[in-house]
Amino acid sequence: MITVIGLGFVGLTTALGFAHKGYTVYGFDTNKDKMEALRRCEIPFFEPELSEALKENMDKRFFLSDSLSEAVDNSKVIFLCVGTPSDETGLADLSQLLNAVKDILKSIKNGQYKIMVIKSTIPPSTTNEVIKPFIENQGFKVGKDIGLTNNPEFLREGTSWNDFLHPDRVVIGTDDDTVFSVLSELYKPFGAPIHKVSYNTAEFIKYLSNTLLSTLISFSNEMSMIAYTHGDIDISKSFKILSEDRRWSGTPDGMTSYVYPGCGFGGYCLPKDTRAMYAAAKSKGYEATLLKSVLQINDNIKHFLIQRFSKETDTSNRVGILGLSFKPDTNDVRETPAAPIIKYLTESGYTKIIVYDPMAMEEFRQTFNSDVEYADNFEDMLSRCDCFIIVTWWKEFEAKKELLLQKKVYDFRYAIQRG
Ligand SMILES: NC(=O)c1ccc[n+]([C@@H]2O[C@H](COP(=O)([O-])OP(=O)(O)OC[C@H]3O[C@@H](n4cnc5c(N)ncnc54)[C@H](O)[C@@H]3O)[C@@H](O)[C@H]2O)c1
């Protein structure tokens, strides 16, 4: 049996979704008007398909609880789906969530083990730094008296019913095997991949998804403002033509290649075209702040990675740079991230830098006046270095990964984990 606390868009959909799958679900909300509307089998907000789902399940598998203690008493697993709005400084206001947690703890009878599932969206570190200590301060040991997990929700208003019943993925943030096994069993009927991650990762994934979406929307809006500033540009047609690019549908290279962290974009087109678009807009009187940030971040990421590297690595180390072209399967080194990375390494005091690339050695030598040594081949490189930085992930490196991993590797492309 499942209890859902907070019956808004997410809570009601969650409650009815689990009921639809055959579970017995209890729901509770502090908003009396909402509870009254639900009792009349009315959805208190507009959301397609929920009305039918409510009628189908009300008092059969979905029950409204009159009190929180009844709702808590009825189930082992309690989903918290209360609001987390912005506070006046822009941070997530956790007061609804902490009030709900406090009230739930007060309602737990002696010795009853409960699993609290935080479905509300909360920023990374909140479960670890706020929720868990909050629970333990009330005298409950997390992992013993209480199971705790973060289980972000990805549904979209307007299609919440379908999104909930057919999730792309289920994310379960916990290091507790019991909690994971209970939650994964609950989600089994939904047929989606289920991921066990840390609390912070689960929280982060939700923001990763949402901030990506907001960035893409702002990007499109900035482009529309640039287009408008120039004039004589059919904005909607331009965007429709943009989506005809096969990369959006995964051929030859999925969008995921772009939506993946690394050490920045390079090559001929992206850096110069972004700069040009920014400059052209400026010349027309529009300051394209998002594009400015996109470029700034492209530089920041390299400084950031080198700073992290140098904190861990003494300057006496012989540092190997794996990959010199701006991406694999080309010998193009124009604006390759390898060049600024080597420059920042040199500025940080590293004097012994050895480089290797299956295809772009000569181009790199001719284009950049870098004070580096060129290895004869991969094996030569391995024998001459103490540690490696992956800048471009070639198939040759993938094939020789085991050899590489015998030394300390700094994977600036997150390529090894990507597989
Ligand atoms: N709306 C979405 O599309 C969406 C999608 C994914 C995640 N989320 C996240 O899910 C959470 C809930 O969002 P929502 O849109 O359902 O919010 P909502 O405001 O529609 O619903 C929250 C409900 O919680 C109730 N509530 C508040 N405090 C309570 C308490 N102590 N006990 C019982 N009930 C209480 C409120 O009365 C309200 O009905 C938020 O963290 C949100 O960011 C929302």
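# A tour by selection

Start by selecting Phe18, which is buried at a relative accessible area of 0%. Here buried means under 20% relative accessible area, exposed means over 50%, and partly exposed is anything in between (1.4 Å probe, protein chains only).

Some housekeeping before you click on. This is a predicted model, so local features need pLDDT of at least 70 and side-chain atom pairs count only at pLDDT 80 or more, while totals for chains, interfaces and linings use all residues. Residues are numbered from 1 along each chain as its sequence is written, and side-chain values use heavy atoms, with hydrogens and water left out.

**Aromatic rings**

Show the rings of Phe, Tyr and Trp (for Trp, the six-membered ring): two of them pair if their centres lie within 6.5 Å, and the planes make the pair stacked under 30 degrees, edge-to-face over 60 degrees and tilted otherwise. That rule gives 15 aromatic pairs. Pick Phe9 and Phe45: this pair is tilted, with 4.3 Å between centres and 35 degrees between planes. It links distant parts of the chain, 36 residues apart: Phe9 is in helix 1 (residues 9–20), and Phe45 is in the loop between helix 2 (32–39) and helix 3 (50–57). Helices and strands here are DSSP runs (H or I over at least four residues for a helix, E over at least two for a strand), numbered from the N terminus. Phe9 is partly exposed at 26% relative accessible area, while Phe45 is buried at 15%.

Now go back to Phe18 and add Phe164: the ring centres are 5.6 Å apart with the planes at 80 degrees, so this pair is edge-to-face. Phe18 sits in helix 1 and Phe164 in helix 7 (residues 160–165), 146 residues apart, so to speak a link between distant parts of the chain. Phe164 is buried too, at 3% relative accessibility. Extend the selection to Tyr23, Phe79, Tyr187 and Phe190, and together with Phe18 and Phe164 you have one aromatic cluster.

**Charges over rings**

Next, select Arg365 and Tyr374: the charged end of Arg365 sits over the Tyr374 ring, 4.3 Å from its centre. The test is NZ of Lys or CZ of Arg within 6 Å of the ring centre and within 35 degrees of the ring normal. Lys196 also passes, lying over the face of Phe180 at 5.9 Å from the ring centre.

**Salt bridges**

Which residue does Asp386 meet in a salt bridge? Select Arg318: the N to O distance is 3.0 Å. Asp386 is in the loop between helix 15 (378–384) and strand 12 (387–390), Arg318 is in the loop between helix 12 (289–312) and strand 9 (319–322), and so the pair ties together parts 68 residues apart in sequence. Asp386 is partly exposed at 30%, and Arg318 is partly exposed at 29%. The criterion is a side-chain nitrogen of Lys or Arg within 4 Å of a carboxyl oxygen of Asp or Glu, and a search of the whole structure turns up 29 salt bridges.

Move to helix 15, where Arg384 and Asp380 lie 4 residues apart, about one turn of the helix. Their closest N and O atoms are 3.0 Å apart, a salt bridge. Arg384 is partly exposed at 23%, but Asp380 is buried at 16%.

Then pick Glu398 and Lys401, whose side chains form a salt bridge at 3.0 Å, N to O. Finish this stop with Lys352, Glu373, Asp380 and Arg384, joined into one network by salt bridges that share partners.

**The second largest pocket**

Switch on a surface and centre on Glu153, Phe154, Leu155, Asp168 and Arg169, the closest to the pocket centre of the 20 residues that line it. About 320 Å³ of space lies in there. A pocket is an open set of points on a 1 Å grid over the protein atoms alone, where a 1.4 Å probe fits, with protein on both sides within 12 Å along at least five of seven lines; lining residues have an atom within 4 Å of a point. Volume is the space filled by probe spheres set on the points, which are joined across faces, edges and corners. Helix 7 and helix 9 (199–230) each supply at least two lining residues, with helix 9 giving the largest share, 4 residues.

**Two backbone oddities**

Last stop: phi angles. Most residues other than glycine have a negative phi. Select Cys41, in the loop between helix 2 and helix 3: its phi is positive, about 65 degrees. Then select Glu335, in the loop between strand 9 and helix 13 (338–347), with a positive phi of about 50 degrees. Glu335 is partly exposed at 37%.
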